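Here is a short briefing on one protein structure. Please look it over with the notes below.

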Amino acid sequence: MFILPELPYDYSSLEPFIDKETMHLHHDKHHATYIKNLNDSLEGKQELLSMNIVDLLKNLDKVPDEIRTKVRNNGGGHANHTFFWEIMTDNKEEPSKEIKKALDDNFNGFDNFKTAFKEKALSVFGSGWVWLVKDLDHKLSLETTPLQDNPVMTGGNIPVLGLDVWEHAYYLKYKNMRADYIDAWWNVVNWKKVEENFKVSGGDV
Ligand code: MN3
């Protein structure tokens, strides 16, 4: 059984950048629904139900054909949102020297990284995610995924940072202004967690 994790901060604590109502809807309704649908689709399949969610996403080929798409969408939704809550914080902080240097090296400057990330986020047509990922050589790059796909589903890249650009993530406060949501979001990024993700050596997410 997969279980909804609690937010690591209060629903209102990311304000004014992300409003309390959006956090309630996003966590208590959207994320909870992905988990309910995931558990429902895996009913009776103990082996799959007891897997780590990221391992399950890496092994979608082991999921029976008739439920694979459901597991992909809802399992991805569970993994992505669990990841997303953790890479935000109400404790505003600057990136450490180490992660800043990695971003400088890979994107020719920290500001260039933010610009490229924003462009990539704006390029997602419809619902999806933008990711900062690293490969096994710790090289950083950007990618987007449609719907609730996660980079681990399609290759060896490991998410370091990710932004949900589904309208449900921002529409209440920002309406159709995705760019404003992206700009505001930098204020709540948990750089400590990003650095932790960057340092993970294996395929753990
Ligand atoms: Mn979402």
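Is His26 buried or exposed? His26 is buried, because its relative accessible area is 1%, and buried means under 20%. The model is predicted. Two topics follow: the manganese site and helix 6.

**Manganese site**

- Four residues coordinate the manganese ion: His26, His81, Asp164 and His168.
- The three histidines bind through NE2, and Asp164 binds through OD.
- The coordination distances run from 1.9 to 2.2 Å.
- Along the sequence, the donor spacing reads H-x54-H-x82-D-x3-H.
- His26 sits in helix 1 (residues 20–41), while His168 sits in the loop between strand 3 (158–164) and helix 8 (171–174), so this pair ties together parts 142 residues apart in sequence.
- His168 also counts as buried, at 18% relative accessibility.

**Helix 6: span**

- Helix 6 covers residues 110–123, which makes 14 residues.
- From first C-alpha to last, helix 6 reaches 20 Å, close to the 20 Å expected at 1.5 Å a residue.

**Helix 6: two sides**

- Phe110, Phe113, Phe117 and Ala121 are the buried residues of helix 6.
- Viewed down the helix axis, these buried residues fall within an arc of 65 degrees, so they line one face of helix 6.
- Asp111 and Glu119 are exposed on the other side of helix 6.

**Helix 6: what covers the buried residues**

- The cover over the buried residues of helix 6 includes three strands: strand 1 (128–134), strand 2 (140–146) and strand 3.
- Helices also contribute to this cover, including helix 5 (97–107), helix 9 (178–185) and helix 10 (191–199).

How values were computed:
Residues numbered from 1 in each chain as written. Predicted model: local features only at pLDDT ≥ 70, side-chain atom pairs only at ≥ 80, totals over all residues. Heavy atoms only, no water. Donors = N, O, S within 2.8 Å, 3.2 Å for Na, K, Ca; no water. Helix = DSSP H or I, 4+ residues; strand = E, 2+ residues; numbered from the N terminus. Buried < 20%, exposed > 50% of the residue type's maximum accessible area, 1.4 Å probe, protein only. Expected span 1.5 Å × (residues − 1). Arc of directions from axis to C-beta. Contact = heavy atoms within 4.5 Å.
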